[in-house]
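Hello,

Here is the structure I promised to pass on to you. Have a look at it first, and then read on for what turned up in it.

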Amino acid sequence: MDLNQFNELITRMQSSDNEQRTQAETIYHEIEIRTLTLLLYSLYVQQDATPEITRFRWSVLGNNVILAFQNRLMSLVLLRRLIQNQWDEFKEGLGDNLEIFLDQILRGFNDESDNGFRKKMLMVIAEMARNTIDEDTGKQKWLGVIGLLNHCMSSKKAEDLICVASILEAVPNVFGSDYDQYMHDVKRGNSYQCMTIAKQPYNIVIGNVCLPKCSTR
């Protein structure tokens with residue numbers, strides 16, 4: 001199955017026609033996990049599917065007309081669901097390429113400018129971070145997510161604080177056995193930000209992080 005065929009499959013999975021949707025879901029679940037992982041991520045990163053373009057590009061399948069960018073969003077939803085429900089198979093399917101894939105996810109998040117896609121990417125990152133905590137030692141083995149959080153904690157940008165808050169809300173133990181060490185930095189960084197942001201109107205709190213309401217839009 002090539003990417004165009006997979007894109008059509010994702011479209012059919014969102015169809016209002018029950019039979020069409022069921023058939024598409026059956027085909028989807030028969031795809032080998034490694035192939036499915038690559039197709040889902042490739043659908044998200046395809047170069048000609050930027051939000052500015054796809055909001056005006058219609059994909060037509062039967063009587064179901066949807067915006068193509070919705071398939072990119074759905075690919076991230078399905079990727080997160082795959083990691084959440086089939087982590088062992090997901091990990092085994094990628095094998096030695098798991099570290100490469102983890103790095104690609106982080107690069108994709110850093111390069112993404114659309115807030116909607118960033119939120120979906122954060123949920124994918126959080127789900128992977130949940131599963132990369134060593135069951136025996138309690139250590140967080142994915143150093144990349146620690147690096148991302150460290151970067152965001154030292155930032156003065158509200159969107160970076162949202163990143164920290166979102167991951168901590170989804171995976172409170174994301175730091176594993178080093179929780180106490182890193183939470184000291186989180187609280188120290190957020191305290192500084194709250195003192196700065198508190199002067200602005202419409203403050204809200206997300207995961208113990210003080211943010212201006214307008215920054216979440």
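Glu-112 counts as buried, because its relative accessibility is 10% and the cut-off for buried is under 20%. A word of care before going further: this is a predicted model.

Where does Glu-112 sit? Its place is the loop between H7 and helix H8, the latter covering 115-131. Leaving aside neighbours within four places in sequence, Glu-112 is in contact with Tyr-44, Arg-72, Phe-117 and Arg-118. A polar atom of the Glu-112 side chain also lies 3.0 Å from the backbone nitrogen of Asp-114. If you would like a pair to look up in the viewer, try Glu-112 and Val-45: 67 residues separate them in sequence, while their C-alpha atoms are 9.8 Å apart in space.

Now for the two helices on either side of that loop. H7 and H8 pack with their axes 10 Å apart, at an angle of about 150°. Angles over 145 degrees count as roughly antiparallel, so H7 is roughly antiparallel to H8. Their crossing is left-handed. On the H7 side, the residues that meet H8 are Phe-101, Leu-102, Ile-105, Leu-106, Gly-108 and Phe-109. Facing them from H8 are Arg-118, Met-121, Leu-122, Val-124, Ile-125 and Met-128. By kind, the residues of the contact of H7 with H8 are ten nonpolar, one polar and one charged.

H7 has another partner, helix H9 (residues 143-153). Helix H7 (residues 98-111) packs against H9 at an angle of about 25°, and again the axes are 10 Å apart. Since angles under 35 degrees count as roughly parallel, H7 is roughly parallel to H9. The crossing of H7 and H9 is right-handed. H7 brings Leu-106, Phe-109 and Asn-110 to this contact, and H9 brings Gly-144, Val-145 and Leu-148. The residues of the contact of H7 with H9 comprise four nonpolar, two polar and no charged.

Between H8 and H9 there is a loop, and Thr-132 is found in it. Is Thr-132 buried or exposed? With a relative accessibility of 7%, Thr-132 counts as buried. Not counting neighbours within four places in sequence, Thr-132 touches Trp-87, Lys-139, Gln-140, Lys-141 and Trp-142.

Let me take you back towards the start of the chain, to the loop between H1 and H2, where Ser-15 is found. Ser-15 counts as buried, because its relative accessibility is 4%. A polar atom of the Ser-15 side chain lies 3.0 Å from the backbone nitrogen of Asp-17. The side chain of Ser-15 is also joined to that of Gln-20 by a polar contact of 2.8 Å.

Gln-20 belongs to helix H2 (residues 18-29). Its relative accessible area is 24%, so Gln-20 counts as partly exposed. Beyond residues up to four places away in sequence, Gln-20 touches Arg-12 and Ser-15. The C-alpha atoms of Gln-20 and Leu-9 are separated by 9.9 Å, and these two residues are eleven residues apart along the chain.

One more helix pair deserves a look while you are in this part of the chain. The axes of helix H1 (residues 3-13) and helix H5 (residues 68-85) cross at roughly 85° and come within 10 Å. The range of 65 to 115 degrees counts as roughly perpendicular, so H1 is roughly perpendicular to H5. Asn-7, Ile-10, Thr-11 and Met-13 are the H1 residues that meet H5, where the partners are Asn-71, Met-74 and Leu-78. The residues of the contact of H1 with H5 are four nonpolar, three polar and no charged.

Finally, a few words on the chain as a whole. Its secondary structure comes to eleven helices and four strands. The chain has 217 residues, of which 45% count as buried. Of the contacts between residues at least 6 apart in sequence, 57% join residues at least 24 apart.

Best wishes

Technical notes:
Residues numbered from 1 in each chain as written. Predicted model: local features only at pLDDT ≥ 70, side-chain atom pairs only at ≥ 80, totals over all residues. Heavy atoms only, no water. Helix = DSSP H or I, 4+ residues; strand = E, 2+ residues; numbered from the N terminus. Buried < 20%, exposed > 50% of the residue type's maximum accessible area, 1.4 Å probe, protein only. Contact = heavy atoms within 4.5 Å. Polar contact = N/O pair within 3.5 Å; in protein donor to acceptor, adjacent residues only side chain to side chain. Axes fitted to C-alpha atoms, helices over the stretch in contact; angles between N-to-C directions. Nonpolar A, V, L, I, M, F, W, Y, C, P; charged D, E, K, R; others polar. Left-handed = near helix turned anticlockwise from the far one by under 90°.
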